[in-house]
Amino acid sequence: MPITMRPDTTPTRLRLDLALGRLADAFRGMTARADEVQCACHWGSPAELALLKAPDVPLAPDLLRRTWDAPDWADHGAVLRRILPQFAGVLVGGEVEPTFGMYEVGRSFARGHWQLWPTPQSSAVREFLHAWWAHSLLDPAPAVPVHELFALCAEASSTAVPWLAVWESLDDEVADRHLAEAVTAWEYGLLGDQLPWDAWDDEDESGLRGELTTWLVRHAPTRLHTREECGTLLHRIRLIGLSGPARWEDPHWPGHQY
């Protein structure tokens, strides 16, 4: 007898479903600008471009990927509004596979300047991101790993603060496990004083690294100290809070014998 999976009816999933519905309502009927152009040699055909100028036509997965990923639209915001209902659905389903990481999706949102859109639209995007984030933190097996989604949300909003605040508010074993996994993914970059995903340039992107480092040093040890497998990770977090010789001369600096 086949096993039937029970639908996810948790409050965070219901909130996410409502957010997806609100997003669909807010962006129904949107199109790219009539005068939008794109390179037929490197992006796609005139027929594919024409689809972006027609409302609500589902796009093939490869066309959707090329559309959100292209950095050179004349009006990226209009293009993003055109694809958002479909794009949000495949994002939540874990069906989007960027070349390097989900932070690329966050930068696509940022290029669209969504926070400057009319309030019904910007608030729908904001609620979608927050609902997705809140659900993923409590999902034992999220479709998008939490550390990848965090990078997406931070890049999309140019701040780490609200996403970290939600994490801080959760007293939950699943959220703590996601934190341990995230620190494991991030420690190498942060110990090198770099954002733990590819940066636009050599600068500290909008203070993201500083916000993340400060929060981890302040809050992660308390969250992780009871987890048996996190001893080394706790030393890494402590080292992230140090600088200069105090960091690399510490006996727990990676590569030192102790």
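**Entry 1: helix α1**

I started on the outer side of a helix: P11, L18 and D25 are exposed residues on the face of α1 turned away from its buried side. For my own reference, buried means under 20% relative accessible area, exposed over 50%, and partly exposed in between, with a 1.4 Å probe and protein chains only. Helices here are DSSP runs (H or I, at least four residues), strands are runs of E of at least two, and both are numbered from the N terminus.

A note on what I am looking at: this is a predicted model, where local features need pLDDT of at least 70, side-chain atom pairs count only at pLDDT 80 or more, and totals for chains, interfaces and linings use all residues. Residues are numbered from 1 along each chain as its sequence is written, and side-chain values use heavy atoms, with hydrogens and water left out.

Next I looked up the length of α1. The helix has 17 residues and reaches 24 Å from its first C-alpha to its last, close to the 24 Å expected at 1.5 Å a residue. The expected span is 1.5 Å times one less than the number of residues.

Which residues of α1 are buried? I found T12, R13, L16, A19, L20, L23 and F27. Seen down the axis of α1, these buried residues fall within an arc of 115°, so they line one face of the helix. The arc is taken from the directions from the helix axis to the C-beta atoms. My textbook reminder fits here: an α-helix has 3.6 residues a turn, so residues three or four places apart point the same way.

I also asked what covers that buried side, and the cover includes α4 and α6 (119–138). Contact here means heavy atoms within 4.5 Å. Just after α1, G29 takes a positive phi of about 85°.

**Entry 2: cysteines**

How many disulfides does the structure hold? The count is 0, where a disulfide is a pair of cysteine sulfur atoms within 2.5 Å. C39 is in no disulfide, and its nearest cysteine sulfur, that of C41, is 4.6 Å away. C41 is in no disulfide either. I checked how open the two are: C39 is partly exposed at 29% relative accessibility, while C41 is exposed at 71%.

**Entry 3: salt bridges**

I searched the whole structure and got 16 salt bridges. The rule asks for a side-chain nitrogen of Lys or Arg within 4 Å of a carboxyl oxygen of Asp or Glu.

One of them joins R28 and D25, with the closest N and O atoms 3.0 Å apart. Another joins D75 and R33, where the closest N and O atoms are 3.9 Å apart. This D75 and R33 pair links distant parts of the chain, 42 residues apart: D75 sits in the loop between α3 (61–69) and α4 (76–92), R33 in the loop between α1 (11–27) and α2 (46–52). R33 counts as partly exposed, at 35% relative accessibility.

Then I looked at R236 and E187, whose side chains meet at 2.7 Å, N to O. R236 is in helix α11 (residues 231–240) and E187 in helix α9 (residues 173–191), 49 residues apart. Are these partners buried or exposed? R236 counts as buried at 14% relative accessibility, and E187 is buried at 16%. I also noted a network: salt bridges that share partners join E48, D62, R65 and R66.

**Entry 4: aromatic rings**

Rings of Phe, Tyr and Trp (its six-membered ring) pair if their centres lie within 6.5 Å; planes under 30 degrees apart count as stacked, over 60 as edge-to-face and the rest as tilted. By this rule I have 12 aromatic pairs.

Why is the pair of W43 and W73 edge-to-face? Their planes stand at 80°, with ring centres 5.2 Å apart, so the pair gets that label. W43 is in the loop between α1 and α2, W73 in the loop between α3 and α4, 30 residues apart. W43 is buried at 7% relative accessibility, and W73 is buried at 7%.

W133 and W167 are edge-to-face too, with centres 5.4 Å apart and planes at 85°. W133 lies in helix α6 and W167 in helix α8 (residues 161–169), so the pair ties together parts that are 34 residues apart in sequence. W133 is buried at 0%, and W167 counts as buried at 0%. Ring pairs link W133, F150, W167, W186, W197 and W215 into a cluster.
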